[in-house]
Amino acid sequence: MDEGIIFRMSAYSEQGGRKYMEDVVDIRIEYEPTQSPSPGEDYPKSQGHGGQGKAESEPTKQTENETHDQNVAAESAPVSAVWVESLSNEDSGNNSAPVSEEKVAGQAVDTRRSVAFFAVFDGHGGREAAHFARENLWELLKRQRGFWSKDHSEVCAALKKGFIACHHAMWKELPEWPKTVTGLPSTSGTTASVIVIRGVHMYVAHVGDSAVVVGVQENDSDIRLQALEITQDHKPELPKEKQRIERLGGSVMKKSGVNRVVWKRPRLTHNGPVRRSTVIDQIPFLAVARSLGDLWSYDFYSGEFVVSPEPDTTVMTLDPKRHRYIILGSDGLWNMMPPSNAVNMCSSHDKMVGPKGMSCACRLGCTALLFWKERMLRADNTTVIVLALQVRGDPPIPMHQDEIVVDMSTGMDHLPFPGTTYNTMCRVQPVSARASLDPPYEEPDDDMFFEEDGIYGEDHEGWPCLEW
C-alpha cells in the first residue's frame, strides 16, 4: 500500500471557563519536495495564504483580497490553518491533473503528493510560548537534516532537533514577552502534540500532557473501536521523568494533590548576584515534566533544562481499514473523556448524524465542556482535531459541517473549494465580522502569576479549579 491516505478533517477550539485562551492549533498541508534540501539549505517557507480563525471556519485556499484581511487578524486568533497556494494558474475548482514537478522558491516539489502537519499547543503562564510554537515550529522542523528522509529514524531525530531548536529560539524572544507581576522574566510555556503525515506514514512528536489517540478496528465485525494511545503524558511523578529531573538537581513536590516540578529561585526580596548564602525559595510550580518554553527551568550547573523540550517520537504506518480515527486533543478534552470513549463517540457520531450535522471535533469538544459543567468544575481550554480516515474506493461518509476531505496522494490543486460537496467549511469572514470570535487578549491580573508566597496562579497547568 503506497498510496497516500484520504481523510475528513475537522477541528474545534473553545476557551471554556478560563479567563484566558492559551490553546492554539496549527494545521498545514503542503507539497512534498522531490528531494531533501542540501545541508545548510532551508526548505522554502509556505507559499500559501496564512489564515487564522476559529476552528469552525478554518480557511482554505483564498483569494488575494481575503488574504490581506486574514493577515491583519492573525495575531489574535487561536487557530492557524495554512494551505499552500495552488501551483496551477487555473482555478482551484478545475479537476485537470497537475504536472508532476514544479519549482516553488527554487525548490522542486511533487505536486502529486502532499505532507500534512497537525499540532495542538496548550499554553500555560501566558500565551506567548504557544503562539511562538505555532508560528515557528513547522518551519524549524522542515529545515532539520533528515526531516525529508525515507529513513524513519532520521525523521524522528529531525523532529527532536526541531523541537529543541524552537525551544532555544524562544530565548531571543524572552525579553519581549510580558514579565510576571513580580518583574521576573516570563514563565510562559506550552505542551506540543504534533503529527506529520507523509504518504501512509504518521510521525508523532510530543511534550506535555496533550495527547494523540488512534481509533482502531481490528475486525469488520467489531462494534466498538479500540483506543491506541500514541503518546504518554509527561508527568513529573513518572519514574523516568523524576529520575531525570533529580539528576539535573531539580526536584518534584506535591501541591494541592498535584505533583509539580520545583522552581528554585532567589527569594523575591533578594537583590544582587546569587551567592551560596542567598536564600532560595523552592516553589512547586509546573505539573508537566516536558514542554516548550518554561525557560525558568534552565539549570546553570548542568547547562540543561529541568523541564525538558525533547519530545518522545514514534512512527506508525496508517491502514485506513484498521485505523479509523486520529484524535489530537489538549487536556481539556482528555481530563473529561477517556480515549476509548472519544474514539467510539466519533464512530457513533458518524453513523447517527446525517449530512451537514455537527462535526466529530465539535461533538467531542462540546461533550467535554458539558462534562466539566456537570462536575461543577471550571472548564479548561479545550481543543480537538479529528481526522476520520477513509478507505480508498469505498463510498464516502456524508460530510458534516465544517469538514474538508483531503487526499494526500494528490497535489493541492485538487483540494475541494469551500462550499462544495467535499468541503463544507465556511469562508473566512472579514476582520470586522470576525472580531467577535476572538476576544481581545488582556494582560493577566496579579493572581495569574505569583502571590506573595510565590505560588503560581490558579490557571497554571494542573491547578485545580472549583467553579464554573
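**Exercise 1. Find out how many of the 15 residues of helix H2 are buried, and say what this tells us about its surroundings.**

Step 1. Start with the terms. Helices (H or I, at least four residues) and strands (E, at least two) are DSSP runs, numbered from the N terminus. Buried means under 20% relative accessible area, exposed means over 50%, and partly exposed lies in between (1.4 Å probe, protein chains only).

Step 2. Now count: 13 of the 15 residues of H2 are buried, so this helix is largely enclosed by the rest of the structure.

Step 3. Keep the origin of the numbers in mind. This is a predicted model, in which local features need pLDDT of at least 70 and side-chain atom pairs count only at pLDDT 80 or more, while totals for chains, interfaces and linings use all residues. Residues are numbered from 1 along each chain as its sequence is written, and side-chain values use heavy atoms, with hydrogens and water left out.

**Exercise 2. Check the span of H2 against its 15 residues, and locate its kink.**

Step 1. The expected span of a helix is 1.5 Å times one less than its number of residues. For the 15 residues of H2 that gives 21 Å, and the end C-alpha atoms are 22 Å apart, which agrees.

Step 2. Next, look along the axis. The bend at a residue is the angle between axes fitted to the seven residues ending there and the seven starting there. H2 has a kink of about 45 degrees, centred on Asn136.

**Exercise 3. Describe the salt bridge between Glu139 and Lys142.**

Step 1. A salt bridge is a side-chain nitrogen of Lys or Arg within 4 Å of a carboxyl oxygen of Asp or Glu. In this pair, the closest N and O atoms are 3.4 Å apart.

Step 2. Place the partners: both lie in H2 (residues 128-142), three residues apart, about one turn of the helix. An α-helix has 3.6 residues a turn, so residues three or four places apart point the same way.

Step 3. Check the burial. Glu139 is buried, with a relative accessible area of 10%, and Lys142 is buried too, with 1%.

**Exercise 4. Which parts of the chain do the salt bridges of Arg8 and Arg18 link?**

Step 1. Begin with Arg8, whose salt bridge with Glu403 has its closest N and O atoms 2.8 Å apart. Arg8 sits in strand S1 (residues 6-14), and Glu403 in the loop between strand S20 (382-390) and strand S21 (404-407), 395 residues apart. Both Arg8 and Glu403 are buried.

Step 2. Turn to Arg18, which meets Asp380 in a salt bridge of 3.7 Å, N to O. Arg18 lies in the loop between S1 and strand S2 (23-33) and Asp380 in the loop between helix H7 (360-374) and S20, so the pair ties together parts that are 362 residues apart in sequence. Arg18 and Asp380 are both buried.

Step 3. Put these pairs in context: the whole structure holds 15 salt bridges.

**Exercise 5. Explore the largest nonpolar core and its 33 residues.**

Step 1. A nonpolar core is a set of buried Ala, Val, Leu, Ile, Met, Phe, Trp, Tyr and Cys residues joined through side-chain atoms within 4.5 Å. In this core, Phe163, Met170 and Val196 touch the most other members.

Step 2. Ask where the members come from. Strand S6 (107-124), H2, helix H3 (152-173), strand S8 (192-198) and strand S9 each give two or more residues. H2 supplies the largest share, eight residues.

Step 3. Zoom in on Val196. Contact means heavy atoms within 4.5 Å. Leaving aside neighbours within four places in sequence, the contacts of Val196 include Val115, Phe117, Trp138 and Leu159.

**Exercise 6. Compare Asp294 and Met376: is each one buried or exposed?**

Step 1. Look at the backbone. Phi is near 50 degrees in Asp294, a positive value in a residue other than glycine. For Met376, phi is near 55 degrees, again positive in a residue other than glycine. Most residues other than glycine have a negative phi.

Step 2. Find their places. Asp294 is in the loop between strand S15 (292-293) and strand S16 (298-299), while Met376 is in the loop between H7 and S20.

Step 3. Finish with accessibility: Asp294 is buried, with a relative accessible area of 0%, whereas Met376 is exposed, with 63%.
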